[in-house]
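Please open the structure in the viewer and keep the selection tool at hand. The tour proceeds by short selections, each followed by a description of what is found there.

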Amino acid sequence: MHPPHQSHINHDTMVDLGNYNELEIAREVDFGVYFTSEDGDILMPGKYVPEDARVGDRLRVFVYRDSEDRIIATTLEPYATVREFACLTCTDETPFGAFLDWGLEKDLLVPLNNQKNKMQVGRKYCVYLYLDETTDRVVATSKLGKYLANDDIQLTEGEEVQLLIANPTDIGIKVIINNTYIGILYKNEVFKDLRMGDKTTGYIKAIRPDNKIDVTLRKPGATLVGEKDDAAERILRLLEQGSGWMPLSDSSSPEDIYQTLSMSKKNFKRAIGSLYKAGKIDLQPDSIRLKK
């Protein structure tokens, strides 16, 4: 089961479709119960009604439209609600769109024009769920750009964040951060088995000038059990294995340092400082050299 979501709505407001609502049972019928709401009576079919539920009880239920377009309440918990990102498996494709399994009896529609690439049955896709204003139904899109807030990043380096594991790339794994931003987890930062759709805790490693966000699974300042090397050891090893020279210095850009070493400029400067103090390297204006 998934952790409970906070209800976005109380009994004085309209129903929040595609989300959890706290509603009061108004009456029982042979085929279920009805809740009262400003949107009219809402049916919860009998198979979802808890055995001990009675008229007057308030229940936390998920509310959405069924295949016949009726507003229905259920105690089933979907894998995601509106205004959330999720990685879901495609169960069917049709000329007008694809359907994804989101944990409810009725699958979630991704209209054809909402698909970044045409979806295929059996594959997993990272999508954003929203309420379509035209149909008043919950739909999803794999075109995530306009639902991400990377142009206004309210995060700080070292901050603990929640990560949704999204698509693998050549250099690592794309992740959704705090259901708001997109970031990258580099291959050398992955030290446990991660699958698309997994949720895990991470930390902001770097926020780049181009608003790209690098994340790490390691708590800042902590070393991993079994980690092969720290930043200083990695730099030393690369110098020893190479020509004993590296075209990086404390005046190099964070991007150049990251591209070469997959570490932040702060960690790089700390590492070369400790190597210099230990008498292992010489510092040049535009490079570092292994001491003979």
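Are the residues on the two faces of strand β15 (residues 213-216) buried or exposed? The model is a predicted one. Select residues 213-216: Ile 213 and Val 215 lie on one side, Asp 214 and Thr 216 lie on the other, and all are buried. Both faces of the strand are thus covered. In a regular strand, side chains alternate between the two faces of the sheet.

Next, add strand β13 (residues 181-186) to the selection. Strands β13 and β15 run parallel and are joined by two bridges. Within this pairing, select Leu 185, whose bridge partner in β15 is Val 215.

Now select strand β14 (residues 199-207). Strand β14 pairs with β15 in the antiparallel sense, over four bridges. Tyr 203 is to be found opposite Thr 216 of β15. Follow the chain from β14 to β15: the two strands form a hairpin, with five residues between them. In the turn, select Asn 211, which has a positive phi of about 65°.

Finally, turn to the cysteines. How many disulfides does the structure hold? The number is zero. Select Cys 87 and Cys 126: the sulfur of Cys 126 is the closest cysteine sulfur to that of Cys 87, but at 3.6 Å it is too far for a bond, because a disulfide requires the two sulfur atoms to be within 2.5 Å. Cys 90 is also in no disulfide, as its nearest cysteine sulfur, that of Cys 87, is 14 Å away. Colour by accessibility to view the surroundings: Cys 87 is buried at 10% relative accessibility, and Cys 90 is buried with a relative accessible area of 2%.

Notes:
Residues numbered from 1 in each chain as written. Predicted model: local features only at pLDDT ≥ 70, side-chain atom pairs only at ≥ 80, totals over all residues. Heavy atoms only, no water. Buried < 20%, exposed > 50% of the residue type's maximum accessible area, 1.4 Å probe, protein only. Pairing = 2+ DSSP bridges.
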